[in-house]
Amino acid sequence: GSGGSWAQQRPDVAENISRLLLDPGPDLLIVDEAHVIKNTDSKLYQALDRVATPRRVLLTGTPLQNNLLEYFHMVSFVKKGELGDQSKFCRLYKEKISNDRDDDDDREKKKQALKKRVWALTKKLDKIVQRRGPSCLEKDLPPKLEYVITCRLTPLQRRLYDAGARDTGI
């Protein structure tokens, strides 16, 4: 290219894309691998959030139970305000769920409190979040086949491999 972004080089295309996505926008936006949007500060989140649509669907195969803030941002992307603002969510859920796992002599009581908090969050979102394991796809997908194929390195690949092994002390 001769410098500048594609949008600068092709303003007609950029205007068309903007018009189709932002005004009035599609009836439905489906985002696969949605765990990559991470938070409201990411450029991807901000770009997708500008798409004017009445319905949003996020798909991810990545478990979210280990990062409640990512979970918050994904839910907020689909249904703004459902979990309140981030500080309220942290106060009501994230801090309670994270802290309840930590130090306390009465582990069973903490465990019950944790389960109640997780249940409350799950119940609040049961119309928005649909969790499914891989078993729901088993009847529709062929069995997974894996093949291991070993190929000789080319002379250049061998030199690079050997040089890397020397540099790392392997």
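## Around Arg-56, and outward from there

Arg-56 is buried, with a relative accessible area of 14%, which places this residue under the 20% limit that the word requires. The structure is a predicted model, and a walk through it can begin at this residue. Arg-56 sits in strand 2, a strand that covers residues 55-58. Leaving aside neighbours within four places in sequence, Arg-56 is in contact with Leu-29, Leu-48, Asp-49, Val-51, Phe-77, Val-78 and Lys-80. Two polar approaches can be picked out around the side chain: Arg-56 and Asp-49 are joined, side chain to side chain, by a polar contact of 2.9 Å, while a polar atom of the Arg-56 side chain lies 3.2 Å from the backbone oxygen of Val-51.

The charged partners of Arg-56 lead on to a wider arrangement, for Asp-49, Arg-56 and Lys-80 are linked in a network of salt bridges. Within this network, the side chains of Lys-80 and Asp-49 meet at 2.6 Å, taken from N to O. Because Lys-80 lies in the loop between helix 4 and helix 5 and Asp-49 lies in helix 3, this pair ties together parts that are 31 residues apart in sequence. The members of the network have their own degrees of cover: Lys-80 is exposed, with a relative accessible area of 52%, Asp-49 is partly exposed at 27%, and Arg-56, as noted at the start, is buried.

Strand 2 also holds Val-57, which is partly exposed, with a relative accessible area of 34%. Together with Leu-28, Ile-30 and Leu-59, Val-57 makes a nonpolar surface patch of about 320 Å².

From the strand the reader may turn to helix 4, which spans residues 68-78 and is mostly covered, since 9 of its 11 residues are buried. Among these buried residues are Leu-68, Glu-70, Tyr-71, Phe-72 and His-73. At the N-terminal end, helix 4 is capped by Asn-67, with a side-chain oxygen 3.2 Å from the backbone nitrogen of Leu-69.

Aromatic rings come next, and a search of the whole structure finds 3 aromatic pairs. In one of them, the rings of Tyr-45 and Phe-77 have their centres 5.3 Å apart and their planes at 70 degrees, so the pair is edge-to-face. Tyr-45 belongs to helix 3 (residues 43-49) and Phe-77 to helix 4, and therefore the pair ties together parts that are 32 residues apart in sequence. Both Tyr-45 and Phe-77 are buried. The rings of Phe-89 and Tyr-93, by contrast, have their centres 5.6 Å apart and their planes at 35 degrees, so this pair is tilted. Being 4 residues apart in helix 5 (residues 86-99), Phe-89 and Tyr-93 are separated by about one helical turn, and both residues are buried. With Phe-72, these two residues form one aromatic cluster.

The charged pairs are not confined to the surroundings of Arg-56, as the count comes to 7 salt bridges. One of them brings together the side chains of Lys-123 and Asp-126, at 3.7 Å from N to O; Lys-123 is partly exposed, with a relative accessible area of 47%, and Asp-126 likewise counts as partly exposed, at 37%. Another joins the side chains of Glu-146 and Lys-144 at 3.2 Å, N to O, and here Glu-146 is exposed, with a relative accessible area of 64%, as is Lys-144 at 69%.

Note on methods. Residues are numbered from 1 along each chain as its sequence is written. This is a predicted model: local features need pLDDT of at least 70, side-chain atom pairs count only at pLDDT 80 or more; totals for chains, interfaces and linings use all residues. Side-chain values use heavy atoms; hydrogens and water are left out. Helices (H or I, at least four residues) and strands (E, at least two) are DSSP runs, numbered from the N terminus. Buried means under 20% relative accessible area, exposed over 50%, partly exposed in between (1.4 Å probe, protein chains only). A polar contact is a pair of N or O atoms within 3.5 Å; within protein, one must be able to donate a hydrogen and the other to accept it, and residues adjacent in sequence count only if both atoms are side-chain atoms. Contact means heavy atoms within 4.5 Å. Patches are made of residues with over 30% relative accessible area and no salt bridge: like charges are joined within 9 Å, nonpolar side chains (Val, Leu, Ile, Met, Phe, Trp, Tyr) within 5 Å. Accessible areas come from the Shrake-Rupley method with a 1.4 Å probe; for residues, only the protein chains shown count as cover. A salt bridge is a side-chain nitrogen of Lys or Arg within 4 Å of a carboxyl oxygen of Asp or Glu. Rings of Phe, Tyr and Trp (its six-membered ring) pair if their centres lie within 6.5 Å; planes under 30 degrees apart count as stacked, over 60 as edge-to-face and the rest as tilted.
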